[in-house]
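Trainee: Could you pick one small part of this model and take a close look at it with me? I'd like to start from a single spot and then see how it ties in with everything else.

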Amino acid sequence: MNRKFPVLAALIVACLATAPLALAQNATPASSAMSQDGYPSAPRDPSLKPVFAEFGGKAGLVSLMNTFMDNLMADPVTHPFFANVDRDHIKMELVDQFCVILDGPCTYTGQSMTSVHKGMGVTRADFNALVVDLQKAMSAHHIPFRAQNKLLAKLAPMGHQIITKP
Ligand code: HEM
């Protein structure tokens, strides 16, 4: 059993619990980030440039997303959401999105998190399952745990835009 999972679970809960605070703190800068990156809740963070390197740059993200999507398809909780969509397209958008968050040389041109996930009926349990699938992929790719947490801390507040079902 991977001893890191309880730590991850605590992190996710902590991040989700503090998300309203994070969103409130980001309220003003987020609007300028939206025009820069076209993405409202997780703007480019220049302090994460070293983390981008720890992910293996853009090539590392491309490779990571293959494992991540494999995990999502193998997970009975997330499988139904991804079974009938263009998975290659989603992987490409995720690479660009994560690349932007980690201050890599990319532009995210996909939809906003609110509009793309609207009407999917994503629950908090679905969201947490996806995060665990991502954590497993990152561990499989030997991404340092501290770097993993830096990215997860950026993703956790997005739950408020993605989770639409109690
Ligand atoms: C922090 C968490 C998440 C992030 C960062 C994220 C990010 C994304 C991105 C970037 C796209 C592609 C947008 C585009 O095509 O323009 C997408 C699409 C999608 N996401 Fe998420 N997502 C998250 C959580 C979830 C969860 C929890 C589910 C369901 C369990 C989910 C299901 C989907 C599906 C099914 C699509 C494809 C929609 C379509 O092509 O019609 N996502 N997501």
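Mentor: Let's start with Lys-165. It counts as exposed because it has 10 C-beta neighbours inside 10 Å, and the cut-off for exposed is 12 or fewer. Keep in mind that this is a predicted model. You'll find Lys-165 in the segment after α9, the helix at 159–162. Exposed doesn't mean without contacts, though: leaving out residues up to four places away in sequence, Lys-165 touches Gly-121, Val-122 and Thr-123. Its C-alpha atom is also 7.8 Å from that of Arg-124, even though 41 residues separate the two in sequence.

Arg-124 is a handy stepping stone, since α7 covers 124–140. So let's follow that helix. Does its length make sense? At 1.5 Å a residue, the 17 residues of α7 should span 24 Å, and its end C-alpha atoms are indeed 24 Å apart, so the two values agree. Several residues of α7 are buried: Phe-127, Leu-130, Val-131, Asp-133, Leu-134, Gln-135, Ala-137 and Met-138. Notice that Asp-133 and Gln-135 are in that list too.

Two of those names come up again when you look at Leu-64. Beyond its neighbours within four places in sequence, Leu-64 is in contact with Ala-137 and Met-138, as well as with Phe-55 and His-141. Leu-64 belongs to the largest nonpolar core, a set of 28 residues, and is among those with the most contacts inside it, along with Phe-55, Leu-61, Phe-98, Ile-101 and Leu-102. Helices α2 (49–54), α3 (57–74), α5, α7 and α8 each give two or more residues to this core, and α7 gives the most, six. As a general idea, nonpolar side chains tend to be buried together in soluble globular proteins.

Now go just past the end of α7. There, His-142 takes a positive phi of about 60°. That's worth a pause, because most residues other than glycine have a negative phi. His-142 sits in the loop between α7 and α8 (145–155), and it is exposed because only 8 other C-beta atoms lie within 10 Å. Asp-103 is another case: its phi is positive, about 65°, and it isn't a glycine either. Its place is in the loop between α5 and α6, but Asp-103 counts as partly exposed, since it has 17 C-beta neighbours inside 10 Å.

Since α5 has come up, look at how the chain brings distant parts together. Ser-63, in helix α3, is 32 residues from Val-95 along the chain, yet their C-alpha atoms are separated by 9.3 Å. Ser-63 is partly exposed, with 15 other C-beta atoms within 10 Å. Ala-153, in helix α8, has a C-alpha atom 10.0 Å from that of Ala-42, although they are 111 residues apart along the chain. More broadly, of the contacts between residues at least 6 apart in sequence, 78% join residues at least 24 apart.

Helix α7 also has a part around the ligand. A shell of 22 residues surrounds the ligand, and the closest are Phe-81, Glu-93, Gly-110, Gln-111 and Leu-155. At least two shell residues come from each of α4 (79–82), α5 (87–101), α6 (113–117) and α7, with α5 supplying the largest share, five residues. By class, 13 of the shell residues are nonpolar, six are polar and three are charged.

To step back, the protein has nine helices and zero strands, and 26% of its 166 residues are buried. How far should you trust the picture? The average pLDDT is 83, and 75% of the residues score at least 70. Over residues 9–38, however, pLDDT stays under 50. Where pLDDT is low, the predicted coordinates should not be read in detail.

Terms used:
Residues are numbered from 1 along each chain as its sequence is written. This is a predicted model: local features need pLDDT of at least 70, side-chain atom pairs count only at pLDDT 80 or more; totals for chains, interfaces and linings use all residues. A residue is near a molecule or strand if its C-beta atom, placed from the backbone, lies within 6 Å of it. Helices (H or I, at least four residues) and strands (E, at least two) are DSSP runs, numbered from the N terminus. Ala, Val, Leu, Ile, Met, Phe, Trp, Tyr, Cys and Pro count as nonpolar, Asp, Glu, Lys and Arg as charged, and the others, Gly among them, as polar. pLDDT is the predictor's confidence in each residue, from 0 to 100. Two residues are in contact if their C-beta atoms, placed from the backbone, lie within 7 Å. A residue is buried if 20 or more other C-beta atoms lie within 10 Å of its own, exposed if 12 or fewer, and partly exposed in between; C-beta atoms are placed from the backbone. A nonpolar core is a set of buried Ala, Val, Leu, Ile, Met, Phe, Trp, Tyr and Cys residues joined through C-beta atoms within 7 Å. The expected span of a helix is 1.5 Å times one less than its number of residues.
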